[in-house]
Amino acid sequence: MKIARYNIQTEPVTLARTGVLLGEEMIGDLRAGYAAYLAETANDPQAREIAAMRIPPNVAEMLALGRLAHEAITVTTNWLLRLMKENPAAKGLAGEPLFSPLANSRFHAPVRPNKFIAVSQNYHSPVKQLVHEKGQVPSCWIKTGNTIIGPHRDVVKPAAVKQLDYETELVIVISKRCKNVPEDRAYEVIFGYLVANDISARDVGNIEHAVGSRLLAKMFDTFCPMGPWIVTKEEIPDPMNLRIRTTVNGELRQTGCSRDMIWNIPQLVAYASQMTLDPGDLIMTGTPITESGGKDRFLNSGDVVVSEIEGIGHLRNKVVDDVAKEVSWQW
């Protein structure tokens with residue numbers, strides 16, 4: 001399944017809802033669909049209230065419900081697939097459309113995590129014959145919620161940043177509360193995967209690294225587009241063999257494959273889960289080393305960056321200049 005946060009283009013963005021992709025061109029409203037399913041199959045007078053509890057608008061809260069939410073999602077998806085063939089104009093109990101064409105939908109970041117763990121220097125480069133030395137532990141840090149934007153939102157380039165860069169990454173979505181997960185059970189706590197672009201201010205990073213800091217270079221607002229949806233792990237049987245690519249204005253700038261990770265997915269989950277991980281928490285797995293010489297060609301206002309991972313989807317984000325007139329720090 002592919003789980004998304006979306007709303008119809010003509011609606012206010014505050015009406016974002018949780019949906020499931022139905023084929024290549026349609027998305028179905030999970031909460032409204034589950035309410036309609038309960039009303040039809042069980043004649044339940046509390047169908048809308050039950051649906052609101054089992055499919056809450058926050059995906060992290062939905063994952064925290066565990067089996068109840070998973071069963072609701074599964075039966076609703078199957079019911080919506082059948083209904084879409086019979087009546088693609090079907091409405092929910094409150095008169096809302098149950099189906100929306102992808103072309104008429106606005107997608108949001110699919111999850112707002114409690115913890116957002118990023119990993120760096122996690123790829124070898126077979127093409128460049130570059131092999132990073134494996135340290136005692138992965139190089140990790142925590143990203144913050146202000147960086148998260150949806151798959152078609154603008155990336156804002158701060159006025160002081162001269163070297164804005166891209167990093168397409170495979171992201172792990174944690175399914176349940178867990179701690180000290182052994183490597184051989186890591187996939188049991190994974191709900192699925194999504195695409196992210198870990199936007200970086202290289203010049204700011206160089207200044208921060210000189211004093212042993214890692215803060216703003218990857219933490220400016222809008223510095224992590226993600227989505228376009230969460231693909232459940234059942235649809236990705238081999239996440240350690242996915243092609244990754246980035247284009248800028250249609251030009252290929254980055255290619256790689258998840259098999260070239262230094263620390264693999266089970267190892268990253270085992271390491272990170274030494275602290276408690278919650279449903280909806282994210283682990284970014286690092287970015288492939290650029291093979292096309294793109295790292296010396298930084299992003300400018302007007303550039304369009306497309307981050308794509310095989311079997312999951314792509315993000316398309318435009319870079320715009322920050323319109324703020326005042327700054328609090330001179331770099």
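Which residues of α4 are buried? In this predicted model, they are A69, A72, I73, T76, T77, W79, L80, L83 and M84. An α-helix has 3.6 residues a turn, so residues three or four places apart point the same way. The helix α4 itself has 20 residues and reaches 29 Å from its first C-alpha to its last, close to the 28 Å expected at 1.5 Å a residue.

Three of those buried residues lead to the next point. L80, L83 and M84 are among the residues that F99 touches, once residues up to four places away in sequence are set aside. The others include L22, M26, I27 and P88. F99 is also one of the residues with the most contacts inside the largest nonpolar core, which has 46 residues; Y34, L98, L194, M226 and L282 share that description. A second, separate core has 38 residues, including C178, M240, L277 and I312.

Y34 brings me to helix α1, residues 30-42, where Y34 is buried together with L30, A32, G33, A35, A36, Y37 and L38. The cover over these residues includes the strands β1, β2 and β3 as well as the helices α2 and α4. Helix α1 has 13 residues and reaches 17 Å between its first and last C-alpha, close to the expected 18 Å.

Finally, I turn to the second largest pocket, which holds about 380 Å³ of space. Of its 16 lining residues, P158, A159, F220, D322 and V327 are the closest to its centre. Which classes make up that lining? Eleven of the residues are nonpolar, two are polar and three are charged.

Terms used: Residues numbered from 1 in each chain as written. Predicted model: local features only at pLDDT ≥ 70, side-chain atom pairs only at ≥ 80, totals over all residues. Heavy atoms only, no water. 1 Å grid on protein atoms, 1.4 Å probe; cavity = no way out; pocket = protein on both sides within 12 Å on 5 of 7 lines; lining within 4 Å. Points joined across faces, edges and corners; volume = space filled by probe spheres on them. Nonpolar A, V, L, I, M, F, W, Y, C, P; charged D, E, K, R; others polar. Core = buried A, V, L, I, M, F, W, Y, C linked by side-chain atoms within 4.5 Å. Buried < 20%, exposed > 50% of the residue type's maximum accessible area, 1.4 Å probe, protein only. Contact = heavy atoms within 4.5 Å. Helix = DSSP H or I, 4+ residues; strand = E, 2+ residues; numbered from the N terminus. Expected span 1.5 Å × (residues − 1).
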